[in-house]
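Colleague: I have a model to go through with you. Shall we start with how its parts meet?

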Amino acid sequence: MTVIGVIGAGVMGVGVAQNLAQTGHDVVLVDQDEKILGDALATIARNTRMSRLMGGPALDPDEVLARVTTAVGAAGAAKCDLVIENVTENWEVKREVYETLDAECGPDTVFVVNTSAIPITKVAAVTGRPDKVVGVHFMNPVPAKPAVELIPGFHTSPETVQRTRDLLTAMGKKSIDVKDSCGFVSNRVLMLTVNEAAYLVHEGVADAESVDEVFRSCFGHPMGPLETADLIGVDTILYSVEVLYEHYADSKYRPCPLLKQMTDAGLHGRKSGRGFYTYA
Ligand code: NAD
C-alpha cells in the first residue's frame with residue numbers, strides 16, 4: 001500500500017497527517033527532530049479524541065496513530081510515491097527540502113506543495129520533475145475544512161493534477177482550481193486583511209479584541225482577523241506577507257512592524273501560547 005510522506009510536523013503538517021490517517025492512509029511524518037515529532041503524535045491523538053467528543057467521527061486514536069510513522073529529515077520520505085510538504089514559509093528552507101526530496105525520492109514521486117503564497121512554478125523549478133509538482137493550499141484546521149485550493153504550476157501534468165485531486169477526494173476535500181499566482185485567491189485577500197488589522201493595533205486605533213469584535217458582530221464573521229492570525233501563526237502571517245510584498249513589489253503588502261516584533265519576541269499565536277491573545 002502507498003505510504004504518503006508528510007514533511008513538516010507544525011500546525012499544517014500535523015493536520016494533514018491526521019486527516020490522512022483518519023481516512024485510512026499510511027503516513028510517514030517528517031520533521032527536524034524527535035521532540036517535534038513526539039509532540040505531533042500527541043497532538044494527533046488528542047485531536048482525534050476531541051473530534052469524537054465534539055460529535056465528529058468516532059475514530060480510535062490508537063488505530064489512527066498506528067498509521068503514522070515518523071522520521072527525522074526529508075530523506076525519511078525517500079520511499080514514498082507522493083509527498084505533501086508543509087515546512088516553514090521561507091524560500092531557502094523550502095528550496096533545501098525540495099533539493100533533498102528530488103535527490104532521494106524515485107523519479108515518479110509526486111510533490112505536493114502546501115504554501116500560503118510561494119508560487120508553485122518557482123518550487124517546481126528547483127526539481128528535475130516540474131510535471132510532478134503541484135500546489136495544494138490546505139486550510140487550517142485541516143481535518144475540519146471541507147475545501148482546498150488546487151494549483152497546477154506551469155509544467156504540472158494533467159495526470160499529477162488528477163492523482164492529487166483523487167487523494168484530496170479520499171481525504172474528504174473538495175478541490176477549487178486556481179491558477180498559479182503568489183498568494184493564490186485566498187491569501188491575496190486574507191493576508192491583506194490580517195496585515196491591515198495588525199496596523200490598526202500598531203497605530204492604537206483599536207485593541208485586538210475591538211478589531212475582532214467589529215468583524216464578528218458587525219459583519220457576522222465567525223472569527224476576527226487577529227484571532228485568525230493567532231490560529232494560523234503570527235510568524236506564518238509575517239512570512240506570507242513578506243513573500244507577497246517581495247513578489248508584487250506593491251506597498252499595499254508592506255508588512256506591519258508589529259507582526260515583525262511579535263515574531264521576534266516568540267508571540268506566534270496559539271502554537272506558542274501567546275499572540276494577540278493569551279492561551280492556557
Ligand atoms: P509551522 O511553523 O507551524 O511548522 C513548520 C514545520 O516545518 C516546523 O515543525 C519545522 O520544524 C518544520 N521544518 C522546517 N524546516 C524543516 C526541514 N528542513 N525538514 C523538515 N521539517 C522542517 O508552519 P505551518 O503553519 O505548519 O505552515 C507550513 C506551511 O503551510 C507554510 O508554507 C505555510 O505558509 C503553509 N500554510 C499554513 C497555514 C496555516 O494556517 N498555518 C495554512 C495554509 C498553508
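Colleague: How many residues of domain 1 and of domain 2 are in contact with each other?
Modeller: Two residues are in contact if their C-beta atoms, placed from the backbone, lie within 7 Å. Domain bounds come from an automatic or database domain assignment. By that rule, seven residues of domain 1 touch residues of domain 2, and on the domain 2 side the count is nine.

Colleague: Which classes make up the side of domain 1 that touches domain 2?
Modeller: Ala, Val, Leu, Ile, Met, Phe, Trp, Tyr, Cys and Pro count as nonpolar, Asp, Glu, Lys and Arg as charged, and the others, Gly among them, as polar. On this side, the classes are three nonpolar, three polar and one charged.

Colleague: What kind of model is this, and where do its domains lie?
Modeller: It is predicted: local features need pLDDT of at least 70, side-chain atom pairs count only at pLDDT 80 or more, and totals for chains, interfaces and linings use all residues. Residues are numbered from 1 along each chain as its sequence is written. The centres of the two domains, over C-alpha atoms, are 25 Å apart. The bounds are 3-177 for domain 1 and 188-271 for domain 2.

Colleague: How many helices and strands does the chain have?
Modeller: Helices (H or I, at least four residues) and strands (E, at least two) are DSSP runs, numbered from the N terminus. The chain has eleven helices and eight strands.

Colleague: What radius of gyration does the chain have?
Modeller: The radius is taken over C-alpha atoms, and the globule rule is 2.2 Å times the number of residues to the power 0.38. For 280 residues, a compact globule would come out near 19 Å. The chain agrees with that, at 18 Å.

Colleague: Which residues come nearest to the ligand?
Modeller: A residue is near a molecule if its C-beta atom, placed from the backbone, lies within 6 Å of it. There are 29 residues around the ligand. The nearest are Gly10, Met12, Glu89, Ser116 and Asn140.

Colleague: Which element gives the most to that shell?
Modeller: α1 (11-22), β2 (26-31), α4 (91-104) and α10 (234-248) each give two or more residues. Both domains take part, with at least three residues from each. One element gives three residues, the most to the shell: α1.

Colleague: What share of residues 183-279 is helix, and what share is strand?
Modeller: An unreviewed UniProt entry lists these residues as "domain: 3-hydroxyacyl-CoA dehydrogenase C-terminal". Its positions use the numbering here, feature names are shortened, and annotations may be inferred rather than shown by experiment. The end C-alpha atoms of this stretch are 29 Å apart, and its shares are 61% helix and 0% strand.

Colleague: Is Phe219 buried or exposed?
Modeller: Phe219 sits in the loop between α8 (208-218) and α9 (225-232). A residue is buried if 20 or more other C-beta atoms lie within 10 Å of its own, exposed if 12 or fewer, and partly exposed in between; C-beta atoms are placed from the backbone. Phe219 has 8 such atoms within 10 Å, so Phe219 is exposed.

Colleague: And Lys35, buried or exposed?
Modeller: Lys35 lies in helix α2 (residues 34-53). It has 9 C-beta neighbours inside 10 Å, so Lys35 counts as exposed.

Colleague: What share of the whole chain is buried?
Modeller: The count runs over the 280 residues of the chain. The buried share is 44%.
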